[in-house]
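Ready for some practice in reading a structure? Take a look at the sequence and the 3D view, then work through the exercises below at your own pace.

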There are 2 protein chains.
Amino acid sequence: MNNELEFPIQMLHSRKLKATPTRTKLLKEIHAYGSAMPYSLICRKFKNADRVTLYRTIEKLVEKGLIHRAFSNNKETYYALCNTKCTATTHYHNHIHFKCTQCKLVTCEHLNEEVEISLPDFVVDKISINVVGICKSCK
Amino acid sequence: MNNELEFPIQMLHSRKLKATPTRTKLLKEIHAYGSAMPYSLICRKFKNADRVTLYRTIEKLVEKGLIHRAFSNNKETYYALCNTKCTATTHYHNHIHFKCTQCKLVTCEHLNEEVEISLPDFVVDKISINVVGICKSCK
DNA sequence: AACTAAATGCAACGATGTTGCAATAAAAAA
DNA sequence: TTTTTTATTGCAACATCGTTGCATTTAGTT
Ligand SMILES: [Mn+2]
Ligand SMILES: [Mn+2]
Ligand SMILES: [Zn+2]
Ligand SMILES: [Zn+2]
């Protein structure tokens, strides 16, 4: 495992991004949070930083495959760390996003089997699955 | 089938909603559009109406099970008519939302089989599936 | 035609998205 | 280490959307 203080810097450099304070802090905060982090909470953690900088930071890290939008209703967007399979050119997510109605947490849940969507005569490029229910811990 | 001019009024009355011009027009426009209608296009069709009225109209029709949010990325939300199974108390959607990268249309696609999501120890209440790809017509 | 409950229009505020540009800081080169 | 290069930041400014309160208007009812 990487040193707690070093891993964000390494992640950023691996995508040819400068390891600026806002970027490293964002990666650390999401990692520390444990599940997908709601945008409003991210904002609270970055009260001091400029709103535009945060906006561009998120955009850039999504673009480079370091974080992804884990869930997005009309109220709030959640962000989670990408797995190591994601690259600067392609996100690779074969997991679903689960929102628990009890603890309100959004988590990335990896399935054992691939989900099959049979849509004859359609070309399927990306599938995104959101599930709402009660999580393992809250049940 | 209902008379083209009458069906929105009947739909509204069936949910104990007043058949106001904005409401009937919204239902007609979405119906005429054929696929899920992007919010920006809805706005263009309602240039004259007040923004707040449109907001409350959409909210109310969603709440009463006459329309539903068919797709929602961070850029745009799409609205589609509900099927007849939806009631004033519960939406019942066992279909997926397909966004075509060619024609950009968002459609509600009904599947033959139910989609199975195996999440041991989780309670699954709602499943929402969004697929991006190329639609039947564009292929 | 009159009544009543509901819907609308307007004002107003907050959150978020988005761009341009000058100042600044990180990484690379010397 | 110092300099240079290039990417990032902060700020201003504008747009869109969500949301509420309240007075006015209107749809459906009597
Ligand atoms: Mn995820
Ligand atoms: Mn639909
Ligand atoms: Zn939970
Ligand atoms: Zn198409």
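A polar contact is a pair of N or O atoms within 3.5 Å; within protein, one of the two must be able to donate a hydrogen and the other to accept it. Keep that in mind for the first exercise, and remember throughout that this is a predicted model.

**Exercise 1. The ends of a helix**

Task: Find what caps the N-terminal end of α4(B), and say which residue follows the helix.

Solution:
- Step 1. Start at the N-terminal end, where the cap of α4(B) is Asp50(B).
- Step 2. Check the distance: a side-chain oxygen of Asp50(B) lies 2.8 Å from the backbone nitrogen of Val52(B). The cut-off for a polar contact is 3.5 Å.
- Step 3. Now go to the other side of the helix: Gly65(B) follows α4(B), and its phi is positive, near 75°.

**Exercise 2. Length and faces of the helix**

Task: Compare the span of α4(B) with the expected one, then work out where its buried residues lie around the helix axis.

Solution:
- Step 1. Helix α4 of chain B covers residues 51-63, which is 13 residues. The expected span is 1.5 Å times one less than the number of residues.
- Step 2. That rule gives 18 Å for α4(B), and the end C-alpha atoms are 18 Å apart, so the two agree.
- Step 3. List the buried residues of α4(B): Leu54(B), Thr57(B), Ile58(B), Leu61(B) and Val62(B).
- Step 4. Look down the axis of α4(B): these buried residues fall within an arc of 125°, so they line one face of the helix.
- Step 5. Ask what that face meets. The buried residues of α4(B) pack against α1, α2, α3, β2 and β3 of chain B.

**Exercise 3. A threonine in another helix**

Task: Is Thr24(A) buried or exposed, and which residues does it contact?

Solution:
- Step 1. Place the residue: Thr24(A) belongs to helix α2 of chain A, residues 21-33.
- Step 2. Its relative accessibility is 12%; buried means under 20%, so Thr24(A) counts as buried.
- Step 3. Setting aside neighbours within four places in sequence, the contacts of Thr24(A) are Pro8(A), Ile9(A), Leu12(A) and Ala19(A).
- Step 4. Widen the view to the helix. Other buried residues of α2(A) include Leu26(A), Leu27(A) and Ile30(A), and among the elements covering the buried residues of α2(A) are α1, α3 and α4 of chain A.
- Step 5. Finish at the end of the helix: α2(A) is followed by Gly34(A), with a positive phi near 90°.

**Exercise 4. The manganese ions**

Task: Which protein atoms are the donors of the manganese ion (ligand 1), and which parts of chain A does the pair His68(A) and Cys108(A) tie together?

Solution:
- Step 1. The protein donors of ligand 1 are NE2 of His68(A), His95(A) and His97(A), together with SG of Cys108(A), at 2.0 to 2.4 Å from the ion.
- Step 2. Read their spacing along the chain: H-x26-H-x1-H-x10-C.
- Step 3. His68(A) lies in strand β2 and Cys108(A) in strand β5 of chain A, so this pair ties together parts that are 40 residues apart in sequence.
- Step 4. Compare accessibility: His68(A) is buried at 4%, while Cys108(A) is partly exposed at 24%.
- Step 5. Turn to ligand 2, also a manganese ion, whose protein donors are His68(B), His95(B), His97(B) and Cys108(B), lying 2.0 to 2.3 Å from it.

**Exercise 5. Positive phi without glycine**

Task: Where are Lys104(A) and Asp121(B) placed, and how accessible is each?

Solution:
- Step 1. Recall the background: most residues other than glycine have a negative phi.
- Step 2. Lys104(A) has a positive phi of about 70°. Its place is the loop between β4 and β5 of chain A, and at 53% relative accessibility Lys104(A) is exposed.
- Step 3. Asp121(B) has a positive phi of about 75°. Its place is the loop between β5 and β6 of chain B, and at 43% Asp121(B) is partly exposed.

**Exercise 6. Relating the two chains**

Task: What kind of axis relates chain B to chain A?

Solution:
- Step 1. Chain B is superposed on chain A by a rotation of 180° with 0.0 Å of shift along the axis, at an RMSD of 0.1 Å.
- Step 2. That is the relation of a two-fold axis.
- Step 3. In chain B, the C-alpha nearest this axis belongs to Ile129(B), 2.3 Å away from it.
- Step 4. Both copies use the same surface, as 100% of the contact residues of chain B recur in chain A.

Notes: Residues are numbered from 1 along each chain as its sequence is written. Chains are lettered from A and ligands numbered from 1 in the order in which they are written. This is a predicted model: local features need pLDDT of at least 70, side-chain atom pairs count only at pLDDT 80 or more; totals for chains, interfaces and linings use all residues. Side-chain values use heavy atoms; hydrogens and water are left out. Copies are superposed by least squares on the C-alpha atoms of residues with pLDDT of at least 70 in both. Contact means heavy atoms within 4.5 Å. Helices (H or I, at least four residues) and strands (E, at least two) are DSSP runs, numbered from the N terminus. Buried means under 20% relative accessible area, exposed over 50%, partly exposed in between (1.4 Å probe, protein chains only). The arc is that of the directions from the helix axis to the C-beta atoms. Donors are N, O and S atoms within 2.8 Å of the metal (3.2 Å for Na, K and Ca); water is not among the atoms, so sites may look incomplete.
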